[in-house]
Amino acid sequence: MVNRLRKLSLFAIVLSLVGCNGRYSILDPAGPHAEAIMWIWWGMFTVGTIVLIGVCSLWWYAIRKSHKNYTENESKRVTNRLVVIGGIGLPVVCITALLAFGIPAGHSMLPWPNEKVIIVNVHARQWFWEVSYPNQGIQLTDEIFIPAGVPVDIHVTSEDVIHSFWVPRLSGKIDAIPGRTNILRLQGDKPGSYGGQCAEYCGLAHTKMKFEVNVMPENEYENWVTQHGMKKGARE
Amino acid sequence: MNNDLSLHAQFAKVWDNLPGWGQLAAVNHTSIARRFMLTGTVFFTIGGVLGMLIRTQLALPEQELISPDLYAQLFTMHGTIMMFLFAIPILEGAAMYLIPKMIGTRDLVFPRLSALGYYCYLFGGIIIMTSLLLGIAPDSGWFMYTPLSSAEFSSGPGSDFWLLGITFVEISAVSAGVELTVSILRTRAPGMSLSKMPIFCWYILAMALMIVFGFPPLILASILLELERAAGMPFFNPAAGGDPILWQHLFWLFGHPEVYIIFLPAAGIVSTIIPVFSGRPLVGYRWIVLAIITMGFISFGLWVHHMFTVGIPQLAQAFFSIASMLVAIPTSIQVFVWIATLWTGRVRFELPMLWMFGFLFIFVCGGLTGVMLALVPFDWQVHDTHFVVAHFHYVLIGGMLFPLIGGVYYWLPHLSGRMPTMHMGKWAFWLIFIGFNATFLMMHLTGLLGMPRRIVTYESGLGWDWLNMLSSFGSFIMACGFGMLMLDIILHFRYGQKAKFNPWQADTLEWATGTPPTSYNFLSLPTVNTRHPLWEEPELRSTISDGAHGLRSIYHGRRELYGTDAVTGKLLEVIHIPSHSWLPLLSALVLAGLCISLLSRAYEVAIAITVIATIFLFRWVWVNGAHKIIAPVTEEEDQRGEPKLHSRTMSGPGVWGMVVTLLSDGSLYLSLLFGWLYLWTVAPAGKVPDVSSVSISMMAISGAFLTTAVLLYRRIVKRLRAQIVQNLSRQFSLVFALGLLHLSSLLYLTTASDLSFKANAHDAALFVMLIFQIFHSAIATITTGLQVLRVRKGYISQILPYEPAVLNPFWLFTLSIFWVSFGSFLLVPKIW
């Protein structure tokens, strides 16, 4: 955990130097899901760049190389070799590698049963987010408080049109769809405030449909729950 | 006819369009295709301007140049115009222009349908553009996700403009799809077997079939959403058993094949141009054909990758993720076949080749990000961000626009008879190429930094400022490039050097039509024995126009083509096609009137117009086939040493057109059935539908009438095939009467049924199914009624057995959907 934090902050310094940080940056992760996706991205980016340069160079070379008369058989051999190695082999290898990394990563992000998990209901409306903690009896608007290092399941629903719940630095997004409940597993490792936004166009004020996720150390979170949960209890 | 006229003048007299206003009655494929391409260019310019407005608004943070309301209209219309009014029609136009010339024939096989398609496109486009001028354009994004586009959240007419206008335009796409399929399969030059067909035709055949199967889901979805908006049928409303995700499934069931519908013809251009400039045949022709077919199939199995964030089951996500990645294989096979062709050829670097290189770089880049997006966890992050915006502009501009412009330069000498030059063309290329990459390359990063798409502005300090500035700057460079490109092409029409015969030394037949081409393309129709006719038989240049080949008689005044076997290219019959006609324009005008009256919710007017439209369309049907003004039986036709006219056979293009149309119709029906089953089993509020409001016994009686009618009709056709024609008129009358009984019982049970289609999505779907059935039963019955008259007029007889053979598949289709509906809509829920 601490080790991961150190690694992350080191990486964050490098990223800020190249301009990859920012309130909504996927490349500046603060939780395990977003971090896994970031590493997948950098891997794909590297391989993709090599493939792009390789294919374009090959094309350029094929145009520029000195001409030679190929017999029918020779050109068939050249073709089959290029097609089998480049046309079939290359994508098969790339896809296999991608799936080998991608499937376990995706698997680890799913909301598997977990005793520690905290449940937060988020109900999207034009154009704000109603947040409630069913077990703690807390109601909020446009802000969520979660403890660091603890998995949180966001149960996303919608009142009106389709919205999409997204906190880029913590995890991927999930749509809020009328008539359905979708679950997104979130986890923040570093305490701090993270920007969230609606990612699916939902009408005129879509741009302004933002919210905030505050990740706090676990003991502070406990305090916060006792305070606010109590308050609510007192009201009732 | 004047015998002094040269053969060419006689052909021109039969084939040329009417002068002046008569041009509006033109049906000739060269004229229609030019109009398609010109209109597409106009829409491209408009769509481009909208794009520029979007980039202007986003250039700086917190700008308020454009209001959120207008901004929503702009991005919706930008996408809608570019996809539906530019990309598809312009590629169809290109295909309509080239296909008949490449396969060595004189026109497309249903010329009036080409014209109808064009007018539907034009009027549909104008109707949609009007909404933009009035400031009431659709504003829910180009994929119109409901409930945002539903009556509750979009109460203005914007969504109606989209749903009705686009459906109108899609009639044009589907009719072009049917026509291209049948033309490619049935009118190739004698001897041109499928394996000798130019590779471009394979691409277009795949595209056309994909349109035939791929567009109906969207047409159905649009009809359902419009019914929800206008009549309150709650297909997509979860409170009444509907589901908004059904819209997404139907939309992307169309939307993903659509991407390949756009890419395939463009790739076909690449596969045509590269061999010509490599001075050698395309290597790996079979590889390419295999890749095209694989791509066509896979593309129907990956629509869900647009929906990874809606929360569908994980296993389904994994399946669609892998399918989306697999499509990379046929794509890269093509890329490496192109490389191998260049490798083994002697490359001439002319202007079209510059565009090919631009295509390669941009498209490979877009393809790579496409594979990335297919990975579900990565998609969860970048879905609906500017990363996706960058990705699909790479794929669409790289994969479609660059090859298209390369193709435009390549075929310019064909259109204008003049050569393009490198001077300005090179500048235009570099401006567009650099401008494009400046706009979209770093936009991937904008998305990775978290900028969602479709936001009207953004606050400063998120790392997005300089990236947006760069994109906006790049887009203006690109716009300058397009300006220069258009100027270059316009100037070339006037100042370009005259092109000589076959200026690029190409191998395909379109270069033998003369540049610019005559209205009849080929004076005589050659037999083709090779995949590269102009390379291997250079004498074709003169022999075709000297009239040394087939079908050179014209004194009869008919427009004629050769009909050949779909696979082997063996000569079968002479196809006679209609000449210029006002019916397409009039029909399209009436349909436009229908569209406008539905838009303004004047339903009484709409009903009146529907009646008029029906009259026009049946008039069209009436002066068709063996009607005396089309192809009267004469003595000369058997004496000139040509095969029979198609209307004297039972397998002419009409039968093929009917079958291909029914494939499309079947796709629409299957989409409806999919919707029914989806609402029942997948939708969150889904339960076993209650179908007790429809009388099953009445339905069974109606079905018995229908079955008897169809069996009788089949028997008529079988007897006609055996040349038995006794009591023809009486037998048709009997089928007609049975059809009427079937239809009236069906109408009765529909009106008597107690469907609460405003309260319940299942009832609404059931109602649509019944209407769909009534529509088909009515057409079959009325047309058979007309056939009774045609037997009496002598248009159907022992020597003219054609028309029943055309209608026969339609009856069978009507029967099939009836019993499938009976089982799946009524019986299964009952016994569940």
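**Exercise 1. How many helices and strands are there in chain A?**

Solution. The conventions come first. This is a predicted model, in which local features need pLDDT of at least 70 and side-chain atom pairs count only at pLDDT 80 or more, while totals for chains, interfaces and linings use all residues. Residues are numbered from 1 along each chain as its sequence is written, chains are lettered from A and ligands numbered from 1 in the order in which they are written, and side-chain values use heavy atoms, with hydrogens and water left out.

Step 1. Helices (H or I, at least four residues) and strands (E, at least two) are taken as DSSP runs, numbered from the N terminus.
Step 2. Chain A has four helices and ten strands.
Step 3. Their order along the sequence is α-α-α-β-β-β-β-β-β-β-β-β-β-α.

**Exercise 2. Set the overall dimensions of chain A beside those of chain B.**

Solution. Step 1. The radius of gyration is taken over C-alpha atoms, and the globule rule is 2.2 Å times the number of residues to the power 0.38.
Step 2. For the 236 residues of chain A, a compact globule would come near 18 Å, but the chain has 24 Å. The C-alpha atoms of chain A fill a box of roughly 90 × 40 × 35 Å along the principal axes.
Step 3. Chain B holds 26 helices and four strands. Its radius of gyration is 27 Å, close to the 28 Å that the rule gives for 832 residues, so chain B is as compact as a globular protein of that length. The corresponding box for the C-alpha atoms of chain B is roughly 85 × 70 × 45 Å.
Step 4. Buried means under 20% relative accessible area, exposed over 50%, and partly exposed in between (1.4 Å probe, protein chains only). Buried residues make up 53% of chain A and 67% of chain B.
Step 5. A contact means heavy atoms within 4.5 Å. Among contacts with a separation of 6 or more, residues 24 or more positions apart account for 66% in chain A and for 82% in chain B.

**Exercise 3. Describe strand 6 of chain A and its pairing.**

Solution. Step 1. In a regular strand the side chains alternate between the two faces of the sheet.
Step 2. Strand 6 covers residues 163–166; His163(A) and Phe165(A) point one way, Ser164(A) and Trp166(A) the other way, and all are buried.
Step 3. Two strands pair if DSSP finds at least two bridges between them. Strand 6 runs antiparallel to strand 7 (residues 174–176), with three bridges, and antiparallel to strand 9 (residues 192–198), with two bridges.
Step 4. Phe165(A) takes part in both pairings: it stands opposite Ile174(A) in strand 7, and its bridge partner in strand 9 is Cys198(A).

**Exercise 4. Which strand of chain A is joined to strand 8 by five bridges?**

Solution. Step 1. The partner is strand 5 (residues 152–158), and the two run antiparallel.
Step 2. One of the bridges sets Ile154(A) against Leu184(A).
Step 3. Strand 8 (residues 182–186) is largely enclosed by the rest of the structure, because four of its five residues are buried.

**Exercise 5. Is Arg188(B) buried or exposed?**

Solution. Step 1. Arg188(B) lies in the loop between helix 5 (158–186) and helix 6 (199–231) of chain B.
Step 2. Its relative accessible area is 0%, so Arg188(B) is buried.
Step 3. Leaving aside residues up to four places away in sequence, Arg188(B) touches residues including Ile103(B), Met197(B), Asp565(B) and Gly569(B).

**Exercise 6. Locate the backbone exceptions.**

Solution. Step 1. Most residues other than glycine have a negative phi, and most peptide bonds are trans.
Step 2. In chain A, a cis peptide bond with omega about 0° joins Gln126(A) and Trp127(A). Trp127(A) sits in the loop between strand 1 (118–125) and strand 2 (128–133).
Step 3. In chain B, a cis bond with omega about -10° joins Thr515(B) and Pro516(B). Pro516(B) is in the loop between strand 2 (497–498) and helix 17 (533–536).
Step 4. Asn502(B), in the loop between strand 2 and helix 17, has a positive phi of about 45°. At 10% relative accessibility, Asn502(B) counts as buried.
Step 5. Gln723(B) has a positive phi of about 65° and lies in the loop between helix 23 (696–721) and helix 24 (728–752). Gln723(B) is partly exposed, at 44%.
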